[in-house]
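Reader: I have a structure open and do not know how to read it. Where should I begin?

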Amino acid sequence: MEHLAPKIEVAGIEWDLAAIMMIVISSLIVFILARLAVRNLSVENPGKLQNFLEWVVEFVQGIIGQNMDMKKGRPYLALGLTLILYIFVSNMLGLPFSIVTELHGNHIPTIFGHELIIPEGTEHPAWSWWKSPTADASMTMALALIVIVLSHVEGIRQNAKHYFKHYVNNPNVVFLPIHLIEVVSKPLTLGLRLFGNIFAGEVMIGVILGMGWIGIPAMLVWQGFSIFVGAIQSFVFTMLTMVYISQSIVHEEDH
């Protein structure tokens with residue numbers, strides 16, 4: 001049996017239905033958790049979700065404070081909070097279970113009037129519908145590109161002189177090609193690091209499941225380790241986001 005991503009072709013573009021569905025589910029979970037946490041705000045008797053969200057806010061403030069002055073970094077608090085919660089939830093979704101559908105007979109399933117794509121030469125296809133959104137490279141690269149583009153836009157908007165000066169005077173114009181390579185490599189390393197860690201974790205879960213009941217102890221250990229990795233990766237992504245933004249908007253003397 002060969003597991004495939006459930007894709008359909010619309011207007012000449014292939015759409016990964018599982019990735020789209022999981023992105024929406026992750027967004028809904030984060031929104032609902034945040035909404036429940038602030039539904040009954042109380043200073044004297046805060047609820048458990050409110051305490052948790054306040055701790056996350058303070059944690060993100062600490063990340064920002066390590067990279068720039070909070071006066072400059074306060075506008076990015078919502079960005080950091082959204083990234084760390086969304087990426088953590090996305091990393092966790094593929095851990096508890098998976099949903100797989102198989103092809104029965106010669107009838108190819110249709111979604112919205114479009115048949116699911118089956119690559120030539122595929123035998124016994126099966127479609128994986130439930131996975132971590134961050135186990136998809138297109139998802140993590142999209143997040144990375146948004147962050148990098150935002151950092152450049154903020155650098156030009158808030159500190160254009162320092163932003164452009166950095167490329168020719170650090171230490172001199174001879175190093176301009178190296179700076180340009182750095183610009184290209186940042187989204188690659190940011191997105192592929194997150195994708196690689198989460199994808200590898202889900203591959204290992206599949207390998208352990210193939211061991212049958214003998215793999216139960218290993219599965220318990222790996223699930224715990226995967227939660228740890230998912231939390232670390234959400235922290236690293238958020239931390240690097242604030243590092244890149246601070247590099248673009250903060251003067252050397254402000255450091």
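Author: We go from the whole chain to a single residue. Note that this is a predicted model.

Reader: How many helices and strands does the protein chain have?

Author: The protein chain has seven helices and seven strands. Read from the N terminus on, the order of elements is β-β-β-α-α-α-α-β-β-β-β-α-α-α.

Reader: What box do the C-alpha atoms of the protein chain fill?

Author: Taken along the principal axes, the box is roughly 70 × 55 × 40 Å. Among contacts between residues at least 6 apart in sequence, 76% join residues at least 24 apart.

Reader: What does the protein chain expose, and which atoms supply it?

Author: The protein chain exposes about 15,000 Å², and 68% of that comes from carbon and sulfur atoms. Of its 255 residues, buried ones make up 38%.

Reader: How many positive and negative side chains are there in the protein chain?

Author: There are 13 positive and 19 negative side chains. The centres of these two sets lie 14 Å apart.

Reader: Now one residue. Where is the place of Ser226?

Author: Ser226 sits in helix H7, which covers residues 216-249.

Reader: Is Ser226 buried or exposed?

Author: A residue is called buried when its relative accessible area is under 20%. Ser226 has 9% relative accessibility, so Ser226 counts as buried.

Reader: Which residues does Ser226 touch, not counting those up to four places away in sequence?

Author: With those neighbours left out, Ser226 touches Met92 and Leu95.

Conventions. Residues are numbered from 1 along each chain as its sequence is written. This is a predicted model: local features need pLDDT of at least 70, side-chain atom pairs count only at pLDDT 80 or more; totals for chains, interfaces and linings use all residues. Side-chain values use heavy atoms; hydrogens and water are left out. Helices (H or I, at least four residues) and strands (E, at least two) are DSSP runs, numbered from the N terminus. Buried means under 20% relative accessible area, exposed over 50%, partly exposed in between (1.4 Å probe, protein chains only). Contact means heavy atoms within 4.5 Å. Accessible areas come from the Shrake-Rupley method with a 1.4 Å probe; for residues, only the protein chains shown count as cover. Lys and Arg count as positive and Asp and Glu as negative; His and the chain ends are not counted. The place of a charge is taken as NZ of Lys, CZ of Arg, CG of Asp or CD of Glu.
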